[in-house]
Amino acid sequence: MVRRSSVDYSDRLYASLPYILPLAAVVVFGAFLFLQFTPLMTVFLPILYVNKILSISIIDFISIRFVAWFCVFIFVFRSYKVNHFIRFNAMQALLLDIIVALMGALTEILSMILGNLAFFPFILQIIASVTFLGITAASVYGIFQCIRGKYADKIPVISDVGYSQQYGSCEEEK
């Protein structure tokens with residue numbers, strides 16, 4: 001991976017902030033784990049409050065989360081004046097947030113199709129727990145790497161897509 005510029009402390013902070021979006025979105029999927037491990041709920045309580053704030057509806061179907069997502073995409077990822085380190089991590093956070101939204105849609109579709117089956121709650125619990133653990137691990141890894149000033153480029157598939165999107169958009173600049 002090509003390193004474009006140096007990373008100072010403010011860049012580390014700004015690069016880690018977009019990871020709040022997928023963390024706040026995936027906290028809903030952790031409900032089954034929170035019931036089994038109550039200390040885990042204490043750790044995620046601030047993120048649960050952030051999720052409540054981001055879920056406030058501004059106009060009918062437009063929430064603060066929706067506005068924040070597009071602001072990060074347009075003003076951070078698509079802005080070539082922003083440091084590459086921040087843009088790369090913003091794209092990874094947005095991709096993780098898209099995965100959370102897709103998993104939410106998948107669980108809704110599965111509940112319509114398999115909702116009457118006796119084993120569906122077990123399947124739903126597995127899907128929700130794996131989604132929660134995977135997105136949380138990827139977000140915490142991304143935040144930790146941002147704090148260290150290193151690229152979080154070891155997340156399977158997400159890092160590759162983020163990297164290709166980054167350099168696909170850089171070629172448009174030329």
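Accessible areas here come from the Shrake-Rupley method with a 1.4 Å probe, and for residues only the protein chains shown count as cover. On that basis the chain exposes about 10,100 Å², of which carbon and sulfur atoms supply 71%. The model is predicted, so local features need pLDDT of at least 70 and side-chain atom pairs count only at pLDDT 80 or more, while totals for chains, interfaces and linings use all residues. Residues are numbered from 1 along each chain as its sequence is written, and side-chain values use heavy atoms, with hydrogens and water left out.

Confidence comes next. The pLDDT, the predictor's confidence in each residue on a scale from 0 to 100, averages 86 over the chain, and 90% of the residues score at least 70. Among the elements, helix H2 (residues 20–26) has the highest mean pLDDT, 94, and helix H9 (residues 158–173) the lowest, 61. Over residues 170–174 the pLDDT is below 50, and this stretch has six contacts in the model beyond near neighbours in sequence; a contact means heavy atoms within 4.5 Å.

The chain contains nine helices and two strands. These are DSSP runs numbered from the N terminus, with helices (H or I) of at least four residues and strands (E) of at least two. Along the sequence the pattern reads α-α-α-α-α-β-β-α-α-α-α. Of the contacts with a separation of 6 or more, 73% are between residues 24 or more positions apart.

Of the 174 residues, 40% count as buried. Buried means under 20% relative accessible area, exposed means over 50%, and partly exposed lies in between (1.4 Å probe, protein chains only). In soluble globular proteins, nonpolar side chains tend to be buried together. A nonpolar core is defined here as a set of buried Ala, Val, Leu, Ile, Met, Phe, Trp, Tyr and Cys residues joined through side-chain atoms within 4.5 Å. The largest such core in this chain has 37 residues, and Phe44 and Phe132 have the most contacts inside it. At least two core residues come from each of H2, helix H3 (31–36), helix H5 (45–54), helix H6 (64–77), helix H7 (84–114) and helix H8 (120–148). H7 gives the largest share, ten residues. Leaving aside neighbours within four places in sequence, Phe132 is in contact with Val26, Val27, Phe29, Gly30, Leu33, Phe34, Leu40 and Phe44.

Ser129 also lies in helix H8. Ser129 counts as buried because its relative accessibility is 12%. Not counting residues up to four places away in sequence, Ser129 touches Phe29, Phe32 and Leu33. Its C-alpha is 9.8 Å from that of Val26, although the two residues are 103 apart in sequence.

The expected span of a helix is 1.5 Å times one less than its number of residues. H7 has 31 residues and should therefore span 45 Å; its end C-alpha atoms are 44 Å apart, which agrees. H8, with 29 residues, reaches 42 Å from first C-alpha to last, close to the 42 Å expected. At the N-terminal end of H7, Asn83 acts as a cap, with a side-chain oxygen 3.1 Å from the backbone nitrogen of Phe85. After H8 comes Gly149, which has a positive phi near 85°.

Three loop residues complete the picture. Lys150 lies in the loop between H8 and H9 and counts as partly exposed because its relative accessibility is 42%. Leaving aside neighbours within four places in sequence, Lys150 is in contact with Phe85 and Gln145. Lys150 and Arg12 are 138 residues apart in sequence, with 8.8 Å between their C-alpha atoms. Ser79, in the loop between H6 and H7, counts as buried because its relative accessibility is 19%. Outside the residues up to four places away in sequence, Ser79 touches Ile74 and Arg87. Asp60 belongs to the loop between strand E1 (57–59) and strand E2 (62–63). Asp60 is exposed because its relative accessible area is 73%. Its phi, near 25°, is a positive value in a residue other than glycine.

Conventions. A polar contact is a pair of N or O atoms within 3.5 Å; within protein, one must be able to donate a hydrogen and the other to accept it, and residues adjacent in sequence count only if both atoms are side-chain atoms.
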